[in-house]
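This report describes selected features of one protein model. The topics are its pockets, a central strand, its aromatic pairs and its backbone geometry.

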Amino acid sequence: MNSITLATRAYTPFATVSGSVRWRLDEAPKSLELRLFWFTRGRGTEEAQAVSTMDLGKTASGERAFSFDLPGNPWSVDGRLISIVWGIELVDKKEGSLAVEEFVMGPGGQATVLSAVQSPRSEGKMGSGLKKYFGMNR
């Protein structure tokens, strides 16, 4: 079984993410690595970016401690339409993702929570008219 264990799940910008990774594969991989990355989750096109990687070699099983220095941004965001999520991922370049652990990165170790806008400027006259027609109050 493959697993990633984090020291904590809440980090501040520029902190160090640390933990351990354990893997057991059926055969030796051509290339195995651990990635620090962020990705978007929600509606629309998803984006992801690897920030740093650690080569884990070509052994079929093992366990190793790791640490990555976090950048200053992007902070974790938790919204109804979009979220920005940080994670550590164990990746076999041939097979793909083997394990992922998510965490929060932001001031105070908290995600920025997006709230609904009461009077959106992008709504336009048609959206406003539909809300009135269907009896939706602002």
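## Pockets

In this predicted model, the largest pocket has a volume of about 250 Å³. Its lining consists of Gly79, Arg80, Leu81 and Ile82, together with Leu114, Ser115, Ala116 and Val117. By class, five of these lining residues are nonpolar, two are polar and one is charged.

The second largest pocket holds about 160 Å³ of space. Leu25, Asp26, Glu27, Ala28, Pro29 and Lys30 line this pocket, as do Asp92, Lys94, Glu95 and Leu98. Six residues of this lining are charged and four are nonpolar, while no polar residue is present.

## Pro29 and its surroundings

Pro29, one of the residues lining the second largest pocket, belongs to the loop that connects β3 (16-24) with β4 (32-42). Its relative accessible area is 6%, which is under 20%, and Pro29 therefore counts as buried. Leaving aside residues up to four places away in sequence, Pro29 touches Gly57, Lys58, Thr59, Ala60 and Asp92. Of these contacts, Asp92 also appears in the lining of the second largest pocket.

Pro29 and Lys132 are separated by 103 residues in sequence, and the distance between their C-alpha atoms is 60 Å.

## Strand β4 and its partners

The strand that follows this loop, β4 (32-42), is mostly covered, with eight of its 11 residues buried. Strand β4 runs antiparallel to β5 (residues 48-57), and eight bridges join the two. Within this pairing, Leu36 has Ser52 of β5 as its bridge partner. The hairpin of β4 and β5 has five residues between the strands, and Gly44 in this hairpin adopts a positive phi near 90°.

Strand β4 is also joined to β8 (residues 82-92) by 11 bridges, again in an antiparallel arrangement. Here the bridge partner of Leu34 is Leu90 in β8.

## Aromatic pairs

Four aromatic pairs are found in the structure. One of them is formed by Phe37 and Phe39, whose rings are stacked at 5.5 Å centre to centre with 20° between the planes. Phe37 and Phe39 are both buried.

Trp86 and Phe103 form a tilted aromatic pair, with a distance of 6.3 Å centre to centre and 35° between the planes. This pair links distant parts of the chain, since Trp86 is in strand β8 and Phe103, 17 residues apart from it, is in strand β9 (residues 96-105). Both Trp86 and Phe103 are buried. Ring pairs also bring in Tyr11, giving a cluster of Tyr11, Trp86 and Phe103.

## Backbone geometry in the loops

The peptide bond from Asn73 to Pro74 is cis, and its omega is near 0°. Pro74 is located in the loop between β6 (61-69) and β7 (77-78).

Phe14 has a positive phi of about 70°, although Phe14 is not a glycine. This residue lies in the loop between β2 (10-11) and β3. Is Phe14 buried or exposed? Its relative accessible area is 64%, and because this value is over 50%, Phe14 counts as exposed. Phe37 and Phe39, by contrast, are both buried.

Conventions. Residues numbered from 1 in each chain as written. Predicted model: local features only at pLDDT ≥ 70, side-chain atom pairs only at ≥ 80, totals over all residues. Heavy atoms only, no water. 1 Å grid on protein atoms, 1.4 Å probe; cavity = no way out; pocket = protein on both sides within 12 Å on 5 of 7 lines; lining within 4 Å. Points joined across faces, edges and corners; volume = space filled by probe spheres on them. Nonpolar A, V, L, I, M, F, W, Y, C, P; charged D, E, K, R; others polar. Helix = DSSP H or I, 4+ residues; strand = E, 2+ residues; numbered from the N terminus. Buried < 20%, exposed > 50% of the residue type's maximum accessible area, 1.4 Å probe, protein only. Contact = heavy atoms within 4.5 Å. Pairing = 2+ DSSP bridges. Phe/Tyr/Trp six-rings, centres within 6.5 Å; stacked < 30°, edge-to-face > 60°.
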